[in-house]
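Hello,

Here is the structure I promised to hand over. Please open it, keep the sequence beside it, and read the notes below with both in view.

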Amino acid sequence: MNTSAMAQGGRIRARRAARGSVTEGAARAGLAARGVIYLLVGALALQIAFGDTGEQADRGGALAELSQKPFGAVLLWALGIGLVGMALWRLSEMMFGSVGKDGRSARKRLLATARFVFYAFVAYSVLSFAANRGGSGSGSSDRQSEDATARALEMPAGQWLVGAAGLAIVAAGGWIGVRAVLRKYHDKLRLGQMSPRTRRLVDVTGVAGGAARGLVFAVAGVFAVRAAVDYEPDRAKGLDDTLRSFADTPFGPWLLVFVAAGLVLFGVFSFAMARWRRV
(Lines give C-alpha, C1' and ligand atoms only; values in the text may rest on other atoms or scores of the structure.)
Protein backbone atom coordinates (compact mmCIF):
# COMPACT_ATOMS: atom_id res chain seq x y z
CA MET A 1 0.00 0.00 0.00
CA ASN A 2 2.76 2.40 0.99
CA THR A 3 4.76 1.42 -2.08
CA SER A 4 1.78 2.18 -4.32
CA ALA A 5 1.23 5.53 -2.63
CA MET A 6 4.90 6.41 -2.99
CA ALA A 7 4.85 5.50 -6.69
CA GLN A 8 1.75 7.62 -7.25
CA GLY A 9 3.32 10.49 -5.37
CA GLY A 10 6.44 10.16 -7.51
CA ARG A 11 4.37 10.36 -10.69
CA ILE A 12 2.56 13.45 -9.42
CA ARG A 13 5.85 15.17 -8.58
CA ALA A 14 7.27 14.27 -11.99
CA ARG A 15 4.17 15.65 -13.70
CA ARG A 16 4.42 18.90 -11.73
CA ALA A 17 8.09 19.19 -12.64
CA ALA A 18 7.25 18.63 -16.29
CA ARG A 19 4.81 21.52 -16.14
CA GLY A 20 7.05 23.70 -14.01
CA SER A 21 8.86 26.91 -14.81
CA VAL A 22 11.82 25.18 -16.47
CA THR A 23 9.61 23.32 -18.94
CA GLU A 24 7.57 26.45 -19.54
CA GLY A 25 10.70 28.41 -20.31
CA ALA A 26 11.90 25.68 -22.67
CA ALA A 27 8.57 25.71 -24.50
CA ARG A 28 8.57 29.47 -24.93
CA ALA A 29 12.19 29.48 -26.10
CA GLY A 30 11.33 26.78 -28.63
CA LEU A 31 8.34 28.67 -29.98
CA ALA A 32 10.48 31.79 -30.35
CA ALA A 33 13.17 29.77 -32.17
CA ARG A 34 10.53 28.39 -34.53
CA GLY A 35 9.43 31.95 -35.19
CA VAL A 36 12.96 32.99 -36.16
CA ILE A 37 13.24 30.15 -38.69
CA TYR A 38 9.89 30.91 -40.32
CA LEU A 39 10.69 34.61 -40.50
CA LEU A 40 13.97 33.90 -42.27
CA VAL A 41 12.49 31.30 -44.64
CA GLY A 42 9.63 33.65 -45.53
CA ALA A 43 12.04 36.53 -46.11
CA LEU A 44 14.23 34.36 -48.37
CA ALA A 45 11.16 33.23 -50.32
CA LEU A 46 10.17 36.87 -50.82
CA GLN A 47 13.64 37.59 -52.19
CA ILE A 48 13.30 34.62 -54.56
CA ALA A 49 9.95 35.93 -55.78
CA PHE A 50 11.59 39.19 -56.75
CA GLY A 51 14.74 37.51 -58.11
CA ASP A 52 17.05 38.99 -55.50
CA THR A 53 18.74 35.90 -54.04
CA GLY A 54 20.23 32.56 -54.90
CA GLU A 55 19.91 31.27 -51.33
CA GLN A 56 17.80 28.21 -50.51
CA ALA A 57 14.43 29.14 -49.02
CA ASP A 58 14.55 26.40 -46.40
CA ARG A 59 16.03 25.73 -43.00
CA GLY A 60 19.58 25.46 -44.41
CA GLY A 61 19.22 28.77 -46.22
CA ALA A 62 17.81 30.40 -43.11
CA LEU A 63 20.73 29.16 -41.02
CA ALA A 64 23.24 30.32 -43.64
CA GLU A 65 21.60 33.75 -43.64
CA LEU A 66 21.70 33.89 -39.85
CA SER A 67 25.37 32.84 -39.72
CA GLN A 68 26.33 35.90 -41.79
CA LYS A 69 24.90 38.31 -39.23
CA PRO A 70 26.92 39.90 -36.42
CA PHE A 71 27.34 37.34 -33.63
CA GLY A 72 26.02 34.75 -36.08
CA ALA A 73 27.64 31.81 -34.26
CA VAL A 74 26.05 32.85 -30.97
CA LEU A 75 22.67 33.25 -32.66
CA LEU A 76 22.92 29.80 -34.24
CA TRP A 77 23.70 28.15 -30.91
CA ALA A 78 20.88 30.06 -29.21
CA LEU A 79 18.49 28.94 -31.95
CA GLY A 80 19.56 25.31 -31.59
CA ILE A 81 19.23 25.39 -27.81
CA GLY A 82 15.77 26.93 -28.17
CA LEU A 83 14.73 24.07 -30.45
CA VAL A 84 16.10 21.58 -27.92
CA GLY A 85 13.73 23.25 -25.48
CA MET A 86 10.86 22.72 -27.91
CA ALA A 87 11.74 19.02 -28.23
CA LEU A 88 11.94 18.61 -24.43
CA TRP A 89 8.57 20.29 -24.01
CA ARG A 90 7.00 17.87 -26.51
CA LEU A 91 8.73 15.00 -24.70
CA SER A 92 7.11 16.09 -21.44
CA GLU A 93 3.71 16.19 -23.19
CA MET A 94 4.33 12.70 -24.54
CA MET A 95 5.14 11.38 -21.08
CA PHE A 96 2.76 13.33 -18.85
CA GLY A 97 0.14 14.82 -21.17
CA SER A 98 -0.50 18.40 -22.27
CA VAL A 99 -2.76 21.15 -20.97
CA GLY A 100 -6.49 20.89 -21.67
CA LYS A 101 -9.27 18.50 -20.76
CA ASP A 102 -8.09 15.76 -23.15
CA GLY A 103 -4.38 16.51 -22.82
CA ARG A 104 -3.61 13.01 -21.54
CA SER A 105 -5.51 11.19 -24.29
CA ALA A 106 -3.75 8.67 -26.53
CA ARG A 107 -4.28 10.93 -29.57
CA LYS A 108 -2.62 13.93 -27.92
CA ARG A 109 0.28 11.81 -26.69
CA LEU A 110 0.77 10.38 -30.19
CA LEU A 111 0.84 13.92 -31.65
CA ALA A 112 3.32 14.95 -28.96
CA THR A 113 5.52 11.97 -29.86
CA ALA A 114 5.55 12.93 -33.55
CA ARG A 115 6.35 16.55 -32.66
CA PHE A 116 9.12 15.47 -30.30
CA VAL A 117 10.78 13.39 -33.02
CA PHE A 118 10.44 16.22 -35.54
CA TYR A 119 11.84 18.95 -33.30
CA ALA A 120 14.61 16.69 -32.00
CA PHE A 121 15.73 16.21 -35.61
CA VAL A 122 15.46 19.95 -36.36
CA ALA A 123 17.39 20.83 -33.20
CA TYR A 124 20.10 18.31 -34.13
CA SER A 125 20.42 19.74 -37.64
CA VAL A 126 20.66 23.31 -36.34
CA LEU A 127 23.26 22.41 -33.69
CA SER A 128 25.24 20.44 -36.30
CA PHE A 129 25.18 23.48 -38.57
CA ALA A 130 26.34 25.68 -35.68
CA ALA A 131 29.17 23.28 -34.82
CA ASN A 132 30.33 22.97 -38.43
CA ARG A 133 29.33 26.48 -39.56
CA GLY A 134 27.64 25.11 -42.69
CA GLY A 135 29.54 21.84 -43.00
CA SER A 136 27.64 18.56 -42.84
CA GLY A 137 24.48 20.24 -41.64
CA SER A 138 24.08 22.49 -44.68
CA GLY A 139 22.49 20.08 -47.18
CA SER A 140 19.48 21.53 -48.93
CA SER A 141 16.00 20.25 -48.10
CA ASP A 142 15.52 19.38 -51.79
CA ARG A 143 18.53 17.05 -51.88
CA GLN A 144 17.56 15.53 -48.54
CA SER A 145 14.02 14.88 -49.79
CA GLU A 146 15.25 13.28 -53.01
CA ASP A 147 17.76 11.08 -51.17
CA ALA A 148 15.23 9.97 -48.57
CA THR A 149 12.64 9.25 -51.28
CA ALA A 150 15.14 7.26 -53.34
CA ARG A 151 16.04 5.10 -50.32
CA ALA A 152 12.37 4.57 -49.48
CA LEU A 153 11.49 3.59 -53.06
CA GLU A 154 14.15 0.88 -52.97
CA MET A 155 12.49 -0.78 -49.98
CA PRO A 156 9.89 -3.54 -50.35
CA ALA A 157 6.55 -1.88 -51.15
CA GLY A 158 8.53 1.36 -51.37
CA GLN A 159 6.09 3.03 -53.75
CA TRP A 160 3.23 2.36 -51.36
CA LEU A 161 5.24 3.67 -48.41
CA VAL A 162 6.22 6.90 -50.18
CA GLY A 163 2.69 7.37 -51.51
CA ALA A 164 1.19 6.84 -48.05
CA ALA A 165 3.70 9.26 -46.53
CA GLY A 166 2.84 11.84 -49.20
CA LEU A 167 -0.88 11.47 -48.52
CA ALA A 168 -0.21 11.82 -44.79
CA ILE A 169 1.68 15.07 -45.43
CA VAL A 170 -1.18 16.34 -47.61
CA ALA A 171 -3.64 15.49 -44.83
CA ALA A 172 -1.40 17.17 -42.23
CA GLY A 173 -1.23 20.30 -44.38
CA GLY A 174 -5.00 20.38 -44.72
CA TRP A 175 -5.40 19.83 -40.97
CA ILE A 176 -2.96 22.66 -40.19
CA GLY A 177 -4.69 25.05 -42.58
CA VAL A 178 -8.24 24.25 -41.50
CA ARG A 179 -7.43 24.54 -37.80
CA ALA A 180 -5.79 27.91 -38.46
CA VAL A 181 -8.79 29.24 -40.39
CA LEU A 182 -11.14 28.00 -37.64
CA ARG A 183 -8.89 29.68 -35.03
CA LYS A 184 -8.48 26.47 -33.04
CA TYR A 185 -5.34 27.99 -31.54
CA HIS A 186 -7.63 30.10 -29.33
CA ASP A 187 -7.92 27.07 -27.05
CA LYS A 188 -4.19 27.28 -26.31
CA LEU A 189 -3.84 31.02 -25.78
CA ARG A 190 -4.35 33.19 -22.71
CA LEU A 191 -6.81 35.43 -24.55
CA GLY A 192 -7.78 37.26 -21.37
CA GLN A 193 -4.29 38.76 -21.17
CA MET A 194 -4.64 40.36 -24.63
CA SER A 195 -6.23 43.65 -25.54
CA PRO A 196 -8.88 43.52 -28.33
CA ARG A 197 -6.40 45.09 -30.76
CA THR A 198 -3.69 42.58 -29.88
CA ARG A 199 -6.15 39.70 -30.31
CA ARG A 200 -7.07 40.94 -33.79
CA LEU A 201 -3.41 41.16 -34.77
CA VAL A 202 -2.74 37.67 -33.43
CA ASP A 203 -5.71 36.38 -35.43
CA VAL A 204 -4.34 37.94 -38.62
CA THR A 205 -0.98 36.25 -38.12
CA GLY A 206 -2.49 32.97 -36.91
CA VAL A 207 -5.03 32.55 -39.70
CA ALA A 208 -2.92 33.81 -42.62
CA GLY A 209 0.29 32.24 -41.34
CA GLY A 210 -1.29 28.90 -40.49
CA ALA A 211 -3.09 28.73 -43.84
CA ALA A 212 0.17 29.43 -45.73
CA ARG A 213 2.05 26.84 -43.68
CA GLY A 214 -0.65 24.25 -44.29
CA LEU A 215 -0.62 24.98 -48.04
CA VAL A 216 3.15 24.46 -48.23
CA PHE A 217 2.87 21.14 -46.40
CA ALA A 218 0.04 19.97 -48.65
CA VAL A 219 1.88 20.85 -51.88
CA ALA A 220 5.05 19.11 -50.64
CA GLY A 221 2.90 16.04 -49.98
CA VAL A 222 1.50 16.15 -53.51
CA PHE A 223 5.04 16.12 -54.91
CA ALA A 224 5.85 13.07 -52.76
CA VAL A 225 2.78 11.26 -54.11
CA ARG A 226 3.87 12.09 -57.66
CA ALA A 227 7.34 10.71 -56.91
CA ALA A 228 5.76 7.46 -55.74
CA VAL A 229 3.39 7.13 -58.70
CA ASP A 230 6.09 7.89 -61.29
CA TYR A 231 8.82 6.04 -59.36
CA GLU A 232 11.06 9.10 -59.74
CA PRO A 233 12.75 10.33 -56.53
CA ASP A 234 13.53 13.74 -58.05
CA ARG A 235 9.79 14.41 -58.17
CA ALA A 236 9.91 14.80 -54.41
CA LYS A 237 10.64 18.35 -53.38
CA GLY A 238 11.96 19.95 -50.23
CA LEU A 239 10.82 23.26 -48.85
CA ASP A 240 12.90 25.34 -51.27
CA ASP A 241 11.63 23.69 -54.47
CA THR A 242 8.10 23.54 -53.09
CA LEU A 243 8.12 27.29 -52.55
CA ARG A 244 9.67 27.93 -55.96
CA SER A 245 6.90 25.86 -57.57
CA PHE A 246 4.38 28.53 -56.55
CA ALA A 247 6.14 30.94 -58.91
CA ASP A 248 5.57 28.52 -61.82
CA THR A 249 1.77 28.74 -61.64
CA PRO A 250 -0.35 30.96 -63.94
CA PHE A 251 -0.31 33.54 -61.14
CA GLY A 252 3.42 33.99 -61.61
CA PRO A 253 5.60 35.12 -58.71
CA TRP A 254 2.68 36.76 -56.92
CA LEU A 255 1.41 33.48 -55.47
CA LEU A 256 4.89 32.89 -54.05
CA VAL A 257 4.82 36.42 -52.62
CA PHE A 258 1.55 35.71 -50.80
CA VAL A 259 2.76 32.33 -49.49
CA ALA A 260 6.10 33.80 -48.41
CA ALA A 261 4.33 36.66 -46.64
CA GLY A 262 2.17 34.06 -44.91
CA LEU A 263 5.26 32.26 -43.63
CA VAL A 264 6.61 35.54 -42.28
CA LEU A 265 3.28 36.04 -40.51
CA PHE A 266 3.50 32.55 -39.07
CA GLY A 267 6.89 33.49 -37.68
CA VAL A 268 5.29 36.49 -35.97
CA PHE A 269 2.47 34.24 -34.74
CA SER A 270 5.07 31.91 -33.19
CA PHE A 271 6.36 34.86 -31.17
CA ALA A 272 2.80 35.52 -30.00
CA MET A 273 2.51 31.87 -29.01
CA ALA A 274 5.77 32.17 -27.10
CA ARG A 275 4.26 35.06 -25.16
CA TRP A 276 0.67 33.95 -24.54
CA ARG A 277 0.42 30.18 -25.04
CA ARG A 278 -0.77 28.10 -22.12
CA VAL A 279 1.94 25.54 -21.35
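Let's begin with one residue. Glu-24 has a relative accessible area of 27%, so it is partly exposed. Keep in mind that this is a predicted model.

Glu-24 has a partner. Its side chain forms a salt bridge with that of Arg-28, with 2.9 Å from N to O. Is Arg-28 buried or exposed? It counts as buried, because its relative accessibility is 16% and the cut-off for buried is under 20%. Where do the two sit? Both belong to helix H2, which covers residues 21–49. They are four residues apart there, so about one helical turn separates them.

**The whole chain**

Now step back. The protein has 279 residues, and 43% of them count as buried. How many helices and strands are there? There are 10 helices and zero strands. Follow the sequence and the pattern reads α-α-α-α-α-α-α-α-α-α.

UniProt adds something to this. Its unreviewed entry lists the feature "transmembrane region" at residues 31–50, 70–89, 110–131, 160–182, 202–225 and 251–274. I looked at two of those spans. Residues 202–225 are 100% helix and 0% strand. The C-alpha atoms at the ends of that span lie 34 Å apart. Residues 251–274 are 92% helix, again with 0% strand. Here the end C-alpha atoms are 35 Å apart.

**The other salt bridges**

How many salt bridges does a search of the whole structure find? It finds three. You have met the pair Glu-24 and Arg-28. Two pairs are still to come.

Take Glu-93 and Arg-90. Their side chains meet in a salt bridge, at 2.8 Å from N to O. Both residues are buried. They lie in helix H4, three residues apart, so the gap between them is about one helical turn.

Then take Asp-203 and Arg-183. Their side chains also form a salt bridge, with N to O at 3.6 Å. Why does this pair tie together parts that are 20 residues apart in sequence? Asp-203 is in helix H8 (residues 196–230), while Arg-183 is in the loop between H7 and H8. Asp-203 counts as buried, because its relative accessibility is 13%. Arg-183, at 38%, counts as partly exposed.

**A pocket**

Next, look at the second largest pocket. It holds about 410 Å³ of space. Which elements give two or more residues to its lining? They are helix H4 (72–96), helix H5 (106–132) and helix H7 (158–181). H5 gives the most, with five residues.

The lining has 19 residues in total. Nearest the centre of the pocket are Val-99, Asp-102, Lys-108, Arg-179 and Lys-188. Find those five in the viewer and you have found the spot.

What is the lining made of, by class? It has 13 charged residues, four nonpolar and two polar. Two domains take part. Domain 1 (22–133) and domain 2 (151–278) each supply at least three residues to the lining.

**Two backbone oddities**

A little background first. Most residues other than glycine have a negative phi. Two residues here go the other way.

One is Ala-157. It is not a glycine, yet its phi is positive, at about 60 degrees. You will find Ala-157 in the loop between helix H6 (141–153) and H7.

Another is Tyr-231. Its phi is also positive, near 55 degrees, and it too is a residue other than glycine. Tyr-231 sits in the loop between H8 and helix H9 (239–246). It is partly exposed, with a relative accessible area of 45%.

**One last pair**

Finish with Ala-208. This residue is in helix H8. Its relative accessible area is 31%, so it is partly exposed. Now find Ala-261. The two alanines are 53 residues apart along the chain, and their C-alpha atoms are 8.8 Å apart.

That is the tour. Over to you.

Best wishes

Note on methods. Residues numbered from 1 in each chain as written. Predicted model: local features only at pLDDT ≥ 70, side-chain atom pairs only at ≥ 80, totals over all residues. Heavy atoms only, no water. 1 Å grid on protein atoms, 1.4 Å probe; cavity = no way out; pocket = protein on both sides within 12 Å on 5 of 7 lines; lining within 4 Å. Points joined across faces, edges and corners; volume = space filled by probe spheres on them. Nonpolar A, V, L, I, M, F, W, Y, C, P; charged D, E, K, R; others polar. Domains from an automatic or database assignment. Salt bridge = Lys/Arg side-chain N within 4 Å of Asp/Glu carboxyl O. Buried < 20%, exposed > 50% of the residue type's maximum accessible area, 1.4 Å probe, protein only. UniProt positions renumbered as here; feature names shortened; annotations may be inferred.
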